[in-house]
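I opened my notebook to record what I looked up about aromatic side chains and their surroundings. The entries follow the order in which I checked things.

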Amino acid sequence: MGIFSKIFGKSSKKGKVGGMEDYMMLVRVYFQAALASDLGITNLSMLPDLRMFKATLHVPTVNNKLGVGEKSQVKKMLKNMYNTNDDFFKEIDLSIRKNCHKIQDVQIYLVQFQGFSQDLMMLVGNLMKFKLRVPSFFKKSIYVMTEKTVNDLFDKNDFKDAGVLKAVMAVRQYDRKLGFSRKWITDFIYQVVMLAKKEPKPADDGKKNKNFA
């Protein structure tokens, strides 16, 4: 766990090492490692999370190709720390191959995923509300509620709140480009929700954490 403290010093001050922020960081590293591997990127300045990960863990470059060794390392860490399954990684790989054919596609893709994930988390906080207060040990119930919320995001069109409706439309548009399945989205949100529920919640914490209290 000391390696996490070294990499994620910022989050270790706020909460436990291996928590929500660490998970999100590792997911971003996987995306960036897959992009580097697929597109033959050699400029690490394009991929800041991967650069920090590689430098801190001293991950060697495999066969003179950036991304290969780093992808394997971060995949192993996500599996060990968060029990992430192989299908999660396969969908990321497929999404990248579908959308990124040249280096110029990389920044557009990363911005799209950032917008997608931010809107998803905002919507989960708004739509699940009190359901997120269900104790963490009711894992199956929380997963089922998360799954239903994801289905609503793609099937319902009668959201009364204009801000929610706008975010729902944005998520649908992002996902048409990114190509993630509802199962992938459910698993991603569920992991973040479960980790967020374990985060410390000081009195002056922002609305984002309160949504997952």
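Before listing neighbours I fixed the term: contact here means heavy atoms within 4.5 Å. I also noted at the top of the page that this is a predicted model.

Entry one, on Y174. I located Y174 in helix α9, which covers residues 162-178, and I then asked which residues it touches once its neighbours within four places in sequence are left aside. I found Q112, G115, F116 and D119 in contact with Y174. For D119, which lies 55 residues away along the chain, I noted a C-alpha separation from Y174 of 9.8 Å. I recorded Y174 as partly exposed because its relative accessible area is 24%, between the cut-offs of 20% for buried and 50% for exposed.

Entry two, on ring pairs. I looked up how many aromatic pairs there are, and the count comes to 16. One of them joins Y30 and F89 in a tilted arrangement, with 4.9 Å from centre to centre and 50° between the planes. This pair links distant parts of the chain, since Y30 sits in helix α3 (residues 20-39) and F89 in helix α6 (residues 86-99), 59 residues apart. I wrote down Y30 as buried at a relative accessible area of 1%, and F89 as buried at 1%.

I turned next to F180 and W184, which form a stacked pair with 3.9 Å between centres and 15° between planes. F180 is buried at 3% relative accessible area, and W184 counts as buried at 2%.

Entry three, on the cluster. I noted that ring pairs link a set of residues into a cluster, among them Y30, F89, F116, F180 and W184. F116 is also one of the contacts I had listed for Y174.

Definitions and conventions
Residues are numbered from 1 along each chain as its sequence is written. This is a predicted model: local features need pLDDT of at least 70, side-chain atom pairs count only at pLDDT 80 or more; totals for chains, interfaces and linings use all residues. Side-chain values use heavy atoms; hydrogens and water are left out. Helices (H or I, at least four residues) and strands (E, at least two) are DSSP runs, numbered from the N terminus. Buried means under 20% relative accessible area, exposed over 50%, partly exposed in between (1.4 Å probe, protein chains only). Rings of Phe, Tyr and Trp (its six-membered ring) pair if their centres lie within 6.5 Å; planes under 30 degrees apart count as stacked, over 60 as edge-to-face and the rest as tilted.
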